[in-house]
Structure formats: C-alpha cells, structure tokens
Amino acid sequence: MKRLRKGMHVSDDNISTADALVAAARALSGAVDQLDFAAPVSHIYNPLAYAWAPHELYLRRFGNGRKRVVFIGMNPGPFGMVQCGVPFGEIGAVRDWMGIDAKVDKPTRENPKRPVEGFACTRSEVSGRRLWGLFQQRFASAEAFFAEHFVANYCPLAFFDHGRNLTPDKLPAREADPLYVACDVHLRKLVAHLQPEWVIGIGGFAEARAREALDRTGVRIGKVLHPSPASPAANRGWAEAATRQMIAQGIWA
C-alpha cells in the first residue's frame with residue numbers, strides 16, 4: 001500500500017467534505033490552545049498542532065463523503081494519537097493498514113516522562129490496538145471500513161500530571177466547561193459535514209458528551225464498551241463485547 005503524502009489527490013466530489021473537516025480541526029486546535037489549565041496538570045499536548053501532518057492526511061483520505069456511523073473517543077492516548085495524530089492511533093494500524101506515515105514535530109513543552117517519538121514510537125496503544133484490530137478483522141480494508149464509518153476524538157488534548165495520564169472528566173468544572181464548549185462546537189460541525197445516522201460513544205464519557213452536544217439534532221446516539229486495559233470487562237474480550245453491542249443496537253448486521 002502506498003503511503004500518503006501531502007500532495008495526495010482527493011476526488012472532486014469529496015473534496016468539500018474533507019476541506020470542511022480540515023477547517024473544523026484547525027478551528028478546534030486554535031480554540032483549545034487559548035485555554036488555561038492548572039495543577040495537577042503539568043503538561044498539555046495538542047496533536048492537532050505538532051502532529052498536524054498525519055492528522056490532515058487522515059481527514060483528507062478517510063473523512064470524505066457521508067458516513068453512516070461516527071465513533072467518538074474521549075481524548076488522545078499517550079502512545080496513540082499523542083504520537084501519530086490519528087485517533088486511537090496504534091502505530092502499526094495507522095502506518096500499515098491506513099497507509100499514513102508523516103512527520104511529527106515536538107510539542108511546545110515536551111513532557112520528559114511522555115516523550116513524543118512520532119511513528120518511531122515502539123509502545124503499543126492498547127485501546128487503539130483493540131479498536132482498529134476489530135475493524136481490520138471485520139472489514140477487508142481500511143477503505144471498506146471508512147466507506148461508512150469514521151473515528152474521531154471528542155477532545156483533542158492530552159493532559160498529564162508528569163508521568164500520569166489525566167482524562168478530561170477529571171478536570172475541575174472551571175477548566176472543563178470552556179473546553180467542552182469548544183469540543184461541542186467541533187462535534188456539531190463534524191456531524192453536520194458527515195451527516196451520520198449514528199454517533200457511537202466509545203465509553204460512557206464520550207456517549208454522555210455526544211448526547212448533550214447533539215441534543216435535538218436527530219442523530220441516533222449509541223455506545224460501545226471502551227477498549228482500555230483499565231477496564232476489566234474490556235480485558236475479558238473487548239472485540240466480542242463491542243461486536244455484540246453494535247449488533248444489539250442495530251448498527252451492524
């Protein structure tokens with residue numbers, strides 16, 4: 001499979017959707033960069049800035065046209081999107097299945113306990129390995145999966161308390177509220193451009209945020225178990241559990 005580069009071609013009938021997603025991501029990146037976060041947050045990573053090159057390739061190749069199902073995760077993982085700019089970005093899946101490989105810069109203030117190594121990162125993003133592993137098993141190719149599906153994160157920022165990952169739901173309300181406003185605006189743009197029938201929260205947080213942001217839009221909201229290794233249920237067979245949930249909700253046959 002050929003690797004995608006900045007000069008890749010996007011068909012004329014899909015370019016307006018891809019361009020809209022690129023513009024929305026740039027606006028989200030700028031909005032969250034204006035926010036302030038206090039201790040215990042020691043470092044903040046915005047992959048939409050330093051890992052923009054692979055993220056844009058992802059949007060331009062796979063964000064074209066209408067999607068039936070949009071999956072929404074919480075925020076970037078330290079060995080996934082933090083490294084490669086793609087949601088749930090297990091390096092092998094992004095590089096070898098999606099065919100995306102591009103230069104990743106360094107964050108403005110790098111966390112020495114969580115260095116950004118880009119596509120040279122050898123650590124596995126377990127949640128991403130499980131998520132993309134299921135999609136690889138069920139669909140013949142990345143193109144077949146993305147024909148009707150798309151994967152995004154609700155929040156583009158990764159937060160760290162030195163070596164510890166902090167998720168957005170652990171932020172105090174005074175910091176979380178303006179962050180959620182920016183993320184809600186972006187989610188509504190994403191849905192307006194992709195026009196999905198379903199938005200599926202990967203985990204309870206993403207489902208709850210989607211229900212609030214997309215209230216009265218007519219989009220159907222669902223949920224699948226989060227594939228995090230911190231979840232005992234996910235460790236007992238995430239792919240099988242998620243597949244059962246998708247079938248029970250009528251999303252997959």
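How many aromatic pairs does a search of the whole structure find? The search finds 22 of them, where two rings of Phe, Tyr or Trp (for Trp, its six-membered ring) count as a pair if their centres lie within 6.5 Å, and where planes under 30 degrees apart are called stacked, planes over 60 degrees apart edge-to-face, and the rest tilted. Before following these pairs, it helps to know how the model is treated: it is a predicted model, in which local features need pLDDT of at least 70 and side-chain atom pairs count only at pLDDT 80 or more, while totals for chains, interfaces and linings use all residues. Residues are numbered from 1 along each chain as its sequence is written, and side-chain values use heavy atoms, with hydrogens and water left out.

We can begin with the chain as a whole. The protein chain contains 11 helices and seven strands, which are DSSP runs numbered from the N terminus, helices being H or I runs of at least four residues and strands E runs of at least two. Its radius of gyration is 17 Å, close to the 18 Å that the globule rule gives for 253 residues, so the chain is as compact as a globular protein of that length; the radius is taken over C-alpha atoms, and the rule is 2.2 Å times the number of residues to the power 0.38. Along the principal axes, the C-alpha trace spans about 45 × 40 × 35 Å.

Of the 253 residues, 58% are buried, a word that here means under 20% relative accessible area, whereas exposed means over 50% and partly exposed lies in between (1.4 Å probe, protein chains only). Among the contacts with a separation of 6 or more, 76% are between residues 24 or more positions apart, a contact being a case of heavy atoms within 4.5 Å.

Now we can return to the aromatic rings. F139 and W252 form an edge-to-face pair, with 6.0 Å from centre to centre and 70 degrees between the planes. Because F139 lies in the loop between helix 6 (126-138) and helix 7 (142-146), and W252 in the segment after helix 11 (238-248), this pair ties together parts that are 113 residues apart in sequence. F139 counts as buried at 17% relative accessibility, and W252 counts as buried at 6%. A further edge-to-face pair is formed by Y154 and F205, with 5.9 Å between the centres and 75 degrees between the planes. Y154 lies in the loop between strand 3 (149-153) and strand 4 (158-161), and F205 in helix 9 (residues 204-213), so here the pair ties together parts that are 51 residues apart in sequence. Both Y154 and F205 are buried. F139 and W252 also belong to one aromatic cluster, whose members include Y58, F62, F71, W97 and W132.

Two of the helices mentioned above can be followed further. In helix 9, F205 is buried together with A206, E207, R209, A210 and A213, and the cover over the buried residues of this helix includes strand 2, helix 8, strand 6 and strand 7. In helix 11, the buried residues W238, A239, A241, A242, T243 and M246 have a cover that includes strand 2 (69-73), helix 6, strand 7 (220-224) and helix 10 (232-235). Just after helix 11, G250 takes a positive phi of about 80 degrees.

Some other places deserve a look at their backbone angles. F88, in the loop between helix 4 (81-84) and helix 5 (91-97), has a phi near 55 degrees, a positive value in a residue other than glycine, and at 9% relative accessibility F88 counts as buried. Q195, in the loop between helix 8 (173-194) and strand 6 (198-202), has a positive phi of about 50 degrees although it is not a glycine, and at 42% relative accessibility Q195 counts as partly exposed.

Finally, the peptide bond from A39 to P40 is cis, with omega near 15 degrees. P40 lies in the loop between helix 1 (15-32) and strand 1 (43-45), and A39 is found in the loop between helix 1 and strand 1. At 70% relative accessibility, A39 counts as exposed. The C-alpha atoms of A39 and G222, which are 183 residues apart along the chain, are separated by 34 Å.
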